[in-house]
Amino acid sequence: MFDRLTIRIFTIFLLTIAFFLMLITLLPNLDSRNLTYLANKEKEIGNMLANQLEKELTNIPKNSFRWWMRFIVLMDNHQKPGQFLFIATPNGQIITADTKNIDRIRNFSEKSHNVDDPAKKIYDSQEVIGPFLINYAGANYQLYVLQPASDIQSQFVNLIFDHPFLLLILTMLASSPFLLWLSWSIAKPARGLKQAADQVAKGNLREWPELEKIGSTEYKATGASFNHMLRELKRMQELQQHLFSDISHELRTPLTRLQLAASLLRRKQGESNEVSRINNEALKLDAMIGDLLSLARQQYDNNEIREFNTMNVLFRQVLENASFEAEQIGKKFLVINPPTNHTILCYPVALCSALENVIRNAFRYSNHEIVLNFVAQQQHITITIDDDGVGVADNELEQIFRPFYRTSEARDRETGGTGLGLAIVSNAITRDNGTVKAEKSHLGGLRIVIVLPIHKY
């Protein structure tokens, strides 16, 4: 039963409360300044002193002149160095030479007045013991002794006992390491589960059998469910990959036959508009299937692992290829601010492919110039790609990232576009927790804005 998290937390909470209540109840009793009853040896010494005084007091007549002065002289003769004797009369008067401590004796006599069970109490550095019975002139008198305390506790301890709230704070501080250790041990399985979830977020679908062995019953059950989820994800991934392979084979096989038939028809009957149209549509369909499979693999294929990459190293090859391609087609490719050395967490192949796709789109639709800019800010980096082409209408800027969306049928026929390129780009950026949008460019064409989070160590 204790293996259940609810029972464990409740038990720890209950024991902690009981521990605090026990300390608050018992600790004040450990104060040495409390009234304590005398041991037999101390009681015998006190009674012996009282008997000695009682024998000598018989020589003092009760009604003699200033008889109480003779009491004081007698007590001075019997008290040891540092001691002061006090005798309480039946009517409550205190006879002593030490008048400055009479209030302490009165306070003590209110707490201890049973001669059969004398006690002692500490006042600062002194202690009072008593009372001890003295019979004088047929009446019962009580003897009290004030002497240096044998066991003096420190001022700091006195301060703690005199301020219960301070005692509670010190108790909480003393128990904090134990409670911290308990909290750490309870939360340990949750940290393991978080680490496993972080690895899954990076694309690592390996199972974590240790999650089913540590922690309470609830954590073990969660670990088992987590591993079951991973197995199902891997199974779905394998099924998806098989589906991709089947689609590629089943769709491309008749397309290949169609292209072969068009070629044979061209040989037999010569070139014609109909044959050319069949061949072009077959090529477009083949390209569309390829882009569609690429988009699907990007969404469901987790073979690529998210990694930490510095941007200047990650995009170096992409920019070199873009510069070479721009030179070959006679267009101006300008990088205003090159990539910085900031680190991002990403799927490197997919992200580089997305940036390359946007740059090639800019090459395809621009007239003469393409401008690329990297701007690093505190928490993210912004990448802008501008071209001087015809651009996109304002009401279509948000639509161009939808699969199969086309802004111009004439342009798509001319360029051979499938309407999936920017959908692939959007999916790749989103997987890396980034955003992508389209705007009007200051060059007159289209601007693509990519924002990626910078990793903070």
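**Exercise 1.** In this predicted model, determine how far the sulfur of Cys352 is from the closest cysteine sulfur, and decide whether a bond is possible.

*Solution.* The closest cysteine sulfur to that of Cys352 belongs to Cys346, and the separation is 7.1 Å. A disulfide requires the two sulfur atoms to be within 2.5 Å. The pair is therefore too far apart for a bond. Starting from Cys346 instead, the closest cysteine sulfur is that of Cys352, again at 7.1 Å. A search of the whole structure accordingly returns 0 disulfides.

**Exercise 2.** Classify Cys346 and Cys352 as buried or exposed.

*Solution.* The cut-off for a buried residue is a relative accessible area under 20%. Cys346 has a value of 0%, so Cys346 is buried. Cys352 has a value of 14%, so Cys352 is buried as well.

**Exercise 3.** Describe the packing of helix H2 (residues 40-57) against helix H3 (residues 67-78).

*Solution.* Two packed helices are described by the angle between their axes and the distance between the axes. For H2 and H3, the angle is about 140° and the axes lie 11 Å apart. Angles over 145 degrees count as roughly antiparallel, and those from 65 to 115 as roughly perpendicular. The two helices are therefore oblique to each other. The crossing of H2 and H3 is right-handed.

**Exercise 4.** Identify which residues of H2 and H3 meet, and state how they divide by character.

*Solution.* On the H2 side, the contact involves Leu49, Gln52, Leu53, Glu56 and Leu57; on the H3 side, it involves Phe71, Leu74, Met75 and His78. These residues comprise 6 nonpolar, 2 polar and 1 charged.

How values were computed: Residues are numbered from 1 along each chain as its sequence is written. This is a predicted model: local features need pLDDT of at least 70, side-chain atom pairs count only at pLDDT 80 or more; totals for chains, interfaces and linings use all residues. Side-chain values use heavy atoms; hydrogens and water are left out. Axes are lines fitted to C-alpha atoms, for helices over the stretch in contact, and angles run from 0 to 180 degrees between N-to-C directions. Helices (H or I, at least four residues) and strands (E, at least two) are DSSP runs, numbered from the N terminus. Angles under 35 degrees count as roughly parallel, over 145 as roughly antiparallel, 65 to 115 as roughly perpendicular and the rest as oblique. A crossing is left-handed if the near helix is turned anticlockwise from the far one by less than a right angle, and right-handed if clockwise. Contact means heavy atoms within 4.5 Å. Ala, Val, Leu, Ile, Met, Phe, Trp, Tyr, Cys and Pro count as nonpolar, Asp, Glu, Lys and Arg as charged, and the others, Gly among them, as polar. Buried means under 20% relative accessible area, exposed over 50%, partly exposed in between (1.4 Å probe, protein chains only).
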